[in-house]
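Colleague: Could you choose one part of this model and take me closely through it and its surroundings? I have the sequence and the structure open, so residue-by-residue detail is welcome.

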Amino acid sequence: MRANRRTDTKPELALRRALHRLGYRYRKDYRLDLDSGRRVRPDIAFTARKVAVFVDGCFWHACPEHGSMPRANGWYWGPKLIRNVERDRGNDAALILAGWTVVRLWEHVPLDEAVTTVVTALAASGAPGRTSPGTTNRDQGGPGEGPRAASGDDSLG
């Protein structure tokens with residue numbers, strides 16, 4: 001399992017590139033130490049707007065559409081995949097209690113749909129003192145937290 005990446009997966013990189021091209025700035029694999037004592041590492045974190053984005057792999061997070069149960073060593077894989085899903089739900093609940101907006105995307109979601117979902121969540125988070133997206137004034141939302149250009153990629157994976 002050493003070859004399985006925890007960060008910088010192809011779908012995650014595609015989403016990050018598209019968001020960066022649009023002018024959004026974020027933290028990648030940023031550890032959040034929540035007041036509840038839980039530590040969470042979203043794939044993409046917009047700290048000023050408190051939006052955490054996770055790009056979940058279909059196998060590791062038991063996608064209902066594409067996830068599959070391995071035939072070999074089912075005694076090991078079954079409980080492991082269930083624990084992954086339970087951990088995800090616990091992390092989501094802890095983030096929501098801490099005032100964060102959580103966006104979970106499957107790796108098979110088309111890139112344009114994923115970008116739209118994240119941009120919508122960012123717009124809905126509406127931090128106080130911000131004007132329309134696309135402003136570059138540091139006093140109105142920090143450097144680069146608004147869209148600047150359009151994206152043309154096809155899919156996350």
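Modeller: Gladly; let me start with contact, which here means heavy atoms within 4.5 Å. The model is predicted, so local features need pLDDT of at least 70 and side-chain atom pairs count only at pLDDT 80 or more, while totals for chains, interfaces and linings use all residues. Residues are numbered from 1 along each chain as its sequence is written, and side-chain values use heavy atoms, with hydrogens and water left out.

My choice is helix α2, which covers residues 74-97. To place it, the protein chain has three helices and six strands (DSSP runs numbered from the N terminus: H or I of at least four residues for helices, E of at least two for strands). Along the sequence they follow the pattern α-β-β-β-β-β-α-β-α. Of the contacts in the chain with a separation of 6 or more, 62% join residues 24 or more positions apart.

First, the length of α2. Its 24 residues should span 34 Å at 1.5 Å a residue, and its end C-alpha atoms are 35 Å apart, which agrees; the expected span is 1.5 Å times one less than the number of residues.

Now for the hidden side of α2. The buried residues are W77, G78, K80, L81, N84, D88, N91, D92, A94 and L95, where buried means under 20% relative accessible area, exposed over 50% and partly exposed in between, with a 1.4 Å probe and protein chains only. In general, an α-helix has 3.6 residues a turn, so residues three or four places apart point the same way. Among the elements that cover the buried residues of α2 are β2 (32-33), β3, β5 and β6. In the chain as a whole, 36% of the 157 residues count as buried.

N91 is a good residue to zoom in on. It sits in α2 and counts as buried because its relative accessible area is 9%. Leaving aside residues up to four places away in sequence, N91 touches R38, V40 and R104. L95, another buried residue of α2, belongs to a separate core of eight residues that also includes V40, F54 and W100. A nonpolar core is a set of buried Ala, Val, Leu, Ile, Met, Phe, Trp, Tyr and Cys residues joined through side-chain atoms within 4.5 Å.

A94 leads us across to β3. Its C-alpha lies 9.3 Å from that of R39, although the two residues are 55 apart in sequence. R39 lies in strand β3 and, with a relative accessible area of 55%, is exposed. Beyond residues up to four places away in sequence, R39 touches R31, L32 and D33.

Helix α2 also helps to line the largest pocket, giving the most to the lining with five residues. The other elements that give two or more residues are α1, β3 and β5. In total 28 residues line this pocket, and R5, R6, D43, H61 and R87 lie nearest its centre. A pocket here is an open set of points on a 1 Å grid over the protein atoms alone, where a 1.4 Å probe fits, with protein on both sides within 12 Å along at least five of seven lines; lining residues have an atom within 4 Å of a point.

The two approaches to α2 deserve a look as well. Before it, the loop between β5 and α2 holds A62 and N73. Phi of A62 is positive, near 55°, and N73, also not a glycine, has a positive phi of about 55°. Most residues other than glycine have a negative phi. A62 is partly exposed at 37% relative accessibility, and N73 is partly exposed at 43%. Just after α2, G99 takes a positive phi of about 90°.

For contrast, consider α1, with twelve residues and a reach of 16 Å between its first and last C-alpha, close to the 16 Å expected. The buried residues of α1 pack against β1 (27-28), β4, β5, β6 and α3. One of those buried residues is L15, which is among the members of the largest nonpolar core that touch the most other members. Of this core's 21 residues, α3 supplies the largest share, six. Finally, α1 is followed by G23, whose phi is positive, near 100°.
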